[in-house]
Amino acid sequence: MAPRPLSAVVLAAGEGTRMRSERPKPLHLLCGRPMVRYVLDALGDCDVDRVVVVVGHGAERVTKKLQADDSDYLLDFVEQHAQLGTGDATSVGLTAFPDVDDADDADVLVLPGDTPLLRPATIRALVDHHRSSDVACTVLTARFADPSGYGRVVRGRDGRVARIVEHRDATPEQREIDEINTSIYCFRRSVLAPALRRLQPVNDQGEYYLTDVVEVLSDAGYGVSAVTAEDTDETHGVNDRSQLAAAEAELRRRTNLEWLRRGVTMVDPDRTYVDTTVDLATDVTLFPGTILQGRTVIGEGSEIGPDTRLVDCIVGARSTVEQATGRDAEVGADAHVGPYAHLAPGTSVPDGTTTGPFHAATDAG
């Protein structure tokens, strides 16, 4: 039997006031890519046929950026003109789906655009559990030693999820619950829209909360289950610069570990910074203080660093670039650049060339 159709709604309309930036929150960069791109990547292990991105603050910039990037999905964009909460944003997202559809036999993921540490396997596990349980909604939860500030997952006597209570509204007993809501869900799409229409903005924010859909469905007799994330770090959202830095550090750790497994040597991984957009060949050696950004490509057997930053550069095989900077430049094979070289945009260092110390390269030909 063919699996039920699966789509996704990514909520990326928030202003992100705590970021204190003119840049829209979903476009803040981590390891060279916009934060929301990592959320889209987390759908990679699921057979998602359509992704709707709900935009709001900086809608045009977010839309143009994601349209310009390569994507494995058909992306649709809808705008939430007024910030009326996650429930309203989800309702806006559902407007992208045609009324005459296979919604009765379809599932939809709803997830925030500010959780860049999500792994595809986690979302896959959520979808698999949802379908095997045959429920109306499955919530991705996590267990924190200190759940302060998070919505608590309240379960009924049957072990299923009865509702989600925000921290500010929780009783002292409910605050003892260590299972929290991650704001990541898989819904049966046919029941989601009616449940959203029953939401009321009865909270101090005057907003429609998607979390309230859980209680609506449970009270209506629908089953709501939960999957607990194995790695709680995956579920953290990014709301300020401190959390952005922490998320980037984890992404860099994962990136470096993957390159080490693929045959790249890093003398000190903790002092090596490689964007996820960079391409490294086997037997490349990166010395401490190396920063590789943008569409940089390093050829087989080359040595980069120490204390070198290259942005959108190409370095040929068996070359050495040490104590140098470069942007939009090219170094041929078997070349030696540095120390103390600067490769200006458009610079091309021919094969076998040695630039020498203190050489300010502008057109090393």
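**Figure 1. Strand β9 and its place in the predicted model.** In this predicted model, strand β9 covers residues 161-165, and because four of these five residues are buried, the strand is largely enclosed by the rest of the structure. Its partner is strand β8, made up of residues 152-155, and the two strands run antiparallel, joined by four bridges. Within this pairing, Arg152 stands opposite Val165 of β9. The two strands form a hairpin with five residues between them, and in the turn Gly159 has a positive phi of about 90°. Strands of a sheet pair through backbone hydrogen bonds, either parallel or antiparallel.

**Figure 2. Two separate nonpolar cores.** The largest nonpolar core of the model has 33 residues, and those with the most contacts inside it are Val9, Val54, Tyr185, Phe187, Leu192, Val213 and Leu217. A second core, separate from this one, has 31 residues, including Val51, Val55, Val62 and Val127. The surroundings of Val54 can be followed residue by residue: when neighbours within four places in sequence are left aside, Val54 is in contact with Val9, Val10, Leu11, Ala12 and Ala13, among others. Its further contacts include Val78, Gln80, Ala89, Val92 and Gly93.

**Figure 3. A salt bridge between Lys65 and Asp69.** By the rule applied here, the count comes to 19 salt bridges, and one pair is formed by the side chains of Lys65 and Asp69, which meet at 3.8 Å, N to O. Lys65 counts as partly exposed because its relative accessibility is 34%, and Asp69, with a relative accessible area of 21%, is also partly exposed. Side chains of opposite charge can pair when their charged atoms come close.

**Figure 4. Arg143 and Glu179, a pair that links distant parts of the chain.** The side chains of Arg143 and Glu179 meet in a salt bridge at 3.6 Å, N to O. The two residues are 36 residues apart, with Arg143 in strand β7 (residues 137-143) and Glu179 in strand β10 (residues 179-188), and the pair therefore links distant parts of the chain. Arg143 counts as partly exposed at 43% relative accessibility, whereas Glu179 counts as buried at 2%.

**Figure 5. Asp275 and Arg252, a buried pair, and a network of salt bridges.** A salt bridge of 3.6 Å, N to O, is formed by the side chains of Asp275 and Arg252. This pair, too, links distant parts of the chain, since Asp275 lies in the loop between β13 (272-274) and β14 (279-280), while Arg252 belongs to helix α7 (residues 241-261), 23 residues apart. Asp275 is buried, with a relative accessible area of 4%, and Arg252 is buried as well, with a relative accessible area of 14%. Elsewhere, salt bridges that share partners join Arg143, Arg155, Asp178 and Glu179 into one network.

**Figure 6. An open sheet with parallel pairing.** Five strands make up an open sheet, in the order β14-β17-β20-β23-β26, and their pairing is parallel. The edge strands are β14 and β26 (348-349), each of which pairs on one side only. Inside the sheet order, strand β17 (residues 297-298) runs parallel to strand β20 (residues 314-315), and two bridges join them. For Val297, the bridge partner in β20 is Ile314.

Key
Residues numbered from 1 in each chain as written. Predicted model: local features only at pLDDT ≥ 70, side-chain atom pairs only at ≥ 80, totals over all residues. Heavy atoms only, no water. Core = buried A, V, L, I, M, F, W, Y, C linked by side-chain atoms within 4.5 Å. Buried < 20%, exposed > 50% of the residue type's maximum accessible area, 1.4 Å probe, protein only. Contact = heavy atoms within 4.5 Å. Pairing = 2+ DSSP bridges. Salt bridge = Lys/Arg side-chain N within 4 Å of Asp/Glu carboxyl O.
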